[in-house]
Amino acid sequence: MMGLPRPKPGQPISELSTPLPMIDERKLVTNIERVQAYMDSHGLAFRPHIKTHKIPAIASQQAKAGAKGINCQKITEAEIFADAGFEDLLITFNILGSEKLERLAALNARISGLKVVADSEMTVRGLSSAFSEIRPLSVLVECDTGGGRCGVQSPESAVALAEAIVAVPGLIFAGILTYPKADTEEAVEAFFAATLAGLAARGIPCPIVSNGGTPSLFSAHKVTSATEHRAGTYVYNDRAMARSGHCSLDDCAMHILATVVSRPTEDRAILDAGSKALTSDLLGFSDYGLIFEYPDAVITGLSEEHGTVDLSKVTGRRPEIGEKVRIIPNHTCVVSNLFDVMTFHRDGIVTRVEDIAARGLVW
């Protein structure tokens, strides 16, 4: 069975088959350098989250710019990046179950800087059962500082869980971590400061204080207790990040190239990019992406292979059958997980094609 044609360096993007995600090399580099310079200026270690790109070559670009380690979400993602030579890996997910713990122990045995999180004594007990003093595992306590996802609910609970980690064999308490709601630096700092005071009162060192998130990335310095910041989406940026003020639409390195395959009516166009190419995440938008060439067009709906576009607000020229358009996605991270390869270009000419190595690795 023949696979999909793979773009070749030197090809104009106008010749590529669609739908296809592509990354502007200049914008990619600018995004990496801009955020790293900010972190460096504030003395914060920066740990990029690879969920946005899932590509070791991009993580290497981030590390070369000055990033200190990387953030993964699942064990299988971390294995891919360990295979690529990365040692300082933080997995920000509660890991439960014997099969996962076995894989985690094997990963810990072959790299020097593996770290995970926990927010319950059950998770801590499970981790302890799989590790020994010979090769202990570093564990951070995850704190819910208002994001409403995982995490202990108070500084007192964070301290208690840290004490539990210290007390069991096979584990090392490595610090505290949060993924907060955007623009809540004051609340995050209050939670961190109270937790650090409680740990200090019990003589428990806290090497890492890890804050996170792209939406409030350039306010990271306001969390003065943090030693590091984690972010992922910044590397490509997307429509949601532009809306939040983190970047402009011109800073969005990812576009999805799509073709107009039908014009059933004067006011409707159909694209060959549906939910299998554009994420169905709305993230508060009422439509499914912004068409770069026709910003007044509205992608009103997605089926699996079709994108429906309302052209009623477009004045002047409208897209024709066979025309290719570029779409800025609402949420770039999901798009990366929908494709096997990512095409990179500079000034409209393909520069390289990278396998999305960690695609589909869900645990």
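How many bridges join strand 7 (residues 171-178) to strand 8? In this predicted model, three bridges join these two strands, which run parallel. Within that pairing, isoleucine 176 stands opposite valine 209 of strand 8. The two strands also belong to a right-handed β-α-β unit, in which helix 7 (residues 185-201) is the helical element.

The pair forms part of a wider arrangement. An open sheet of eight strands follows the order 2-9-8-7-6-5-4-3, with parallel pairing. Strand 2 (45-48) and strand 3 (70-72) stand at the edges with a single partner strand each, so one side of each is left without a neighbour in the sheet. From one strand to the next, the twist averages 30 degrees.

Strand 8 comprises residues 208-212, and five of its five residues are buried. Both of its faces are covered: Ile208, Ser210 and Gly212 lie on one side, Val209 and Asn211 on the other, and all are buried. Strand 8 is also joined to strand 9 (residues 228-231) by three bridges, and these strands run parallel. In this pairing, glycine 212 stands opposite arginine 230 of strand 9.

Strand 7 also pairs with strand 6 (residues 137-143), in the parallel sense and over seven bridges. Here isoleucine 176 of strand 7 is the bridge partner of valine 141. Helices pack against this part of the sheet. Helix 5 (residues 121-130) touches strand 5 (115-118), strand 6 and strand 7, and its direction makes about 145 degrees with that of strand 5. Helix 7 lies across strand 6, strand 7 and strand 8, and runs at about 155 degrees to strand 7.

Valine 141 leads from the sheet to the nonpolar interior. The largest nonpolar core has 87 residues, and those with the most contacts inside it are Leu104, Val141 and Tyr236. Helix 6 (residues 155-167) gives the most to this core, with six residues. Domain 1 (13-22 + 247-355) and domain 2 (42-237) both contribute residues, so the core lies between them. Another core, of seven residues, lies apart from it and includes Leu20, Met22, Leu257 and Val353.

The surroundings of valine 141 can be followed residue by residue. Leaving aside residues up to four places away in sequence, valine 141 touches ten residues by name: Ala118, Val152, Ala158, Leu161, Ala162, Ile165, Phe173, Gly175, Ile176 and Leu177. Among these is Ile176, the residue that is its bridge partner in strand 7 and that stands opposite valine 209 in strand 8.

Methods. Residues numbered from 1 in each chain as written. Predicted model: local features only at pLDDT ≥ 70, side-chain atom pairs only at ≥ 80, totals over all residues. Heavy atoms only, no water. Buried < 20%, exposed > 50% of the residue type's maximum accessible area, 1.4 Å probe, protein only. Helix = DSSP H or I, 4+ residues; strand = E, 2+ residues; numbered from the N terminus. Pairing = 2+ DSSP bridges. Right-handed = clockwise from strand over helix to strand, strands pointing away. Core = buried A, V, L, I, M, F, W, Y, C linked by side-chain atoms within 4.5 Å. Domains from an automatic or database assignment. Contact = heavy atoms within 4.5 Å. Axes fitted to C-alpha atoms, helices over the stretch in contact; angles between N-to-C directions.
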